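Please open the model in your viewer, switch to a cartoon representation, and keep the selection panel at hand for the stops that follow.

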Amino acid sequence: MGKVKVGVAGITGYAGMELGRLLLKHPDVELTSVTSRSAVGKKLGNVLPHLRDSKLEITAELGDVDIAFLALPHGESASEVIRLSNRGVKVIDLGADFRLKNAGDYNEWYGFTHPAPELLSEAVYGLSELYRKEIASTKLVANPGCYPTSALIALAPAVKAGLIGDSIIIDSKSGISGSGRAPSLSVHFSEVSEDVTAYGIEGHRHLPEIAQEIMKLGLKAKITFVPHLVPMVRGILSTCYAELVRPINKEEVKDLYSDFYRGEPFIRVAANSPHTKLTRGTNLCLVYPSVDPRTQRLIVVSALDNLVKGAAGQAVQNMNLMLGITETTGLQEMVIYP
Ligand SMILES: NC(=O)c1ccc[n+]([C@@H]2O[C@H](COP(=O)([O-])OP(=O)(O)OC[C@H]3O[C@@H](n4cnc5c(N)ncnc54)[C@H](OP(=O)(O)O)[C@@H]3O)[C@@H](O)[C@H]2O)c1
């Protein structure tokens, strides 16, 4: 049997080109179709010199593929998913169009009316570690947002164990590539270098996604989520705080997290507070749970690469699950350090 044919829509974006990097060397699939708006008719290897070995031509629409990755701006995936589903193509959407279950949330948080609300219940939320079985048998994966991936991996063990109360604070810091490749004043080098700022304080789009998923884990929580932009290219560090509902010490919390993530190839319960740099270019998420004995608060810090575990890597992990092949295939890069 030949290799599985895969395509990437939005190859010229940061998430799309990271998919290209991972898929071109994946042993079980062949990248046969890539799209963008601005580079139609050009060779992928010329447009993106770090993928220079690829002779693929960039097209306006995806060709004949078995699995399609959509790395498009929010609001652009839904119509593509309808088209591709009608052709029997499996889809992994890296955007937000199928992450939320309540269609009305798209009007409130994303400013558009969802064109296919009937597909929202069919889409499986692609947090690989939590929904492995469902991902393996679905035709549509809603790949999680980068901030939600970091926050949910940090909080899931505590929520599942009924260890924390309903008030949660998530303080996240992201590298600039999280904003996408399109140039704007807010991502201009002179503006972001030597600077740190919070944004989305009154309500970031990833908040309803985090709340929905924490609810699915069993806790209706009041969540404060504040993202920050820091002057680095890749990486997300999330520090999550919640009141403990029963006394537990740091060692017991660490044991609980180690049990929860035992055998997970990409989650490491870290011995020390993690660094984003220790995940760079990999599909790893490092988690450090601790307890502040003075306030009886759980504090969990997580670190990941927003373009890999926060986007393209997790999408490939989900593809591996959908294909029934070893979950780590094509994802065993070592960290680039420093
Ligand atoms: N960046 C991250 O860390 C990250 C993490 C997780 C999820 N995501 C999600 O992944 C998706 C892509 O993000 P990104 O950061 O890669 O964005 P990006 O760098 O801005 O890339 C967007 C891609 O979509 C294409 N595109 C733009 N507007 C389009 C339109 N109206 N119709 C069709 N194609 C269009 C672009 O083509 P041209 O270049 O030709 O314009 C480009 O290839 C988003 O939904 C984002 O939320 C991103």
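Two strands count as paired if DSSP finds at least two bridges between them, and with that in mind the tour of this predicted model can start in its sheet. Select K173 in β8, and then look across to β11, where its bridge partner is L237. Widening the selection to residues 236-244 shows the whole of β11, which runs antiparallel to β8 and is joined to β8 by eight bridges.

Next, turn to β10, which is also joined to β8 by eight bridges, although here the two strands run parallel. A convenient pair to label is I168 and, in β10, its bridge partner I223.

Now colour the full sheet, which is open, has seven strands and mixed pairing, and follows the order β9-β10-β8-β11-β14-β13-β12. Which strands lie at the edges? They are β9 (197-198) and β12 (267-269), each of which pairs on one side only. From β12, step to β13 (residues 285-292), which runs parallel to β12 and is joined to it by three bridges; among the residues to pick out here are I267 and its bridge partner in β13, C285.

With the sheet still coloured, add the helices that pack on it. Selecting residues 206-216 brings up helix α8, which touches β8 (164-174) and β10 (222-229) and whose direction makes about 140° with that of β10. Selecting residues 250-260 brings up helix α9, which touches β12, β13 and β14 (297-304), and its direction makes about 150° with that of β13.

Then leave the sheet and select helix α5 (residues 128-136) together with helix α10 (residues 308-323), whose axes come within 9 Å and cross at roughly 40°. Because of that angle, α5 is oblique to α10, and the crossing in which α5 passes α10 is right-handed. To see the contact itself, show the side chains of S128, R132, I135 and A136 on α5, and of Q314, Q317, N318, L321 and M322 on α10. Four of these contact residues are nonpolar, four are polar and one is charged.

Keep α10 selected for the last stop, since α10 and α1 (14-23) each supply at least two residues of the shell around the ligand. Which helix gives the largest share of that shell? It is α1, with three residues. Of the 30 residues around the ligand, the ones to label are G10, G13, S38, G95 and G180, which come nearest. By class, the shell divides into 13 nonpolar, 14 polar and three charged residues.

Technical notes:
Residues are numbered from 1 along each chain as its sequence is written. This is a predicted model: local features need pLDDT of at least 70, side-chain atom pairs count only at pLDDT 80 or more; totals for chains, interfaces and linings use all residues. Axes are lines fitted to C-alpha atoms, for helices over the stretch in contact, and angles run from 0 to 180 degrees between N-to-C directions. Helices (H or I, at least four residues) and strands (E, at least two) are DSSP runs, numbered from the N terminus. Angles under 35 degrees count as roughly parallel, over 145 as roughly antiparallel, 65 to 115 as roughly perpendicular and the rest as oblique. A crossing is left-handed if the near helix is turned anticlockwise from the far one by less than a right angle, and right-handed if clockwise. Two residues are in contact if their C-beta atoms, placed from the backbone, lie within 7 Å. Ala, Val, Leu, Ile, Met, Phe, Trp, Tyr, Cys and Pro count as nonpolar, Asp, Glu, Lys and Arg as charged, and the others, Gly among them, as polar. A residue is near a molecule or strand if its C-beta atom, placed from the backbone, lies within 6 Å of it.
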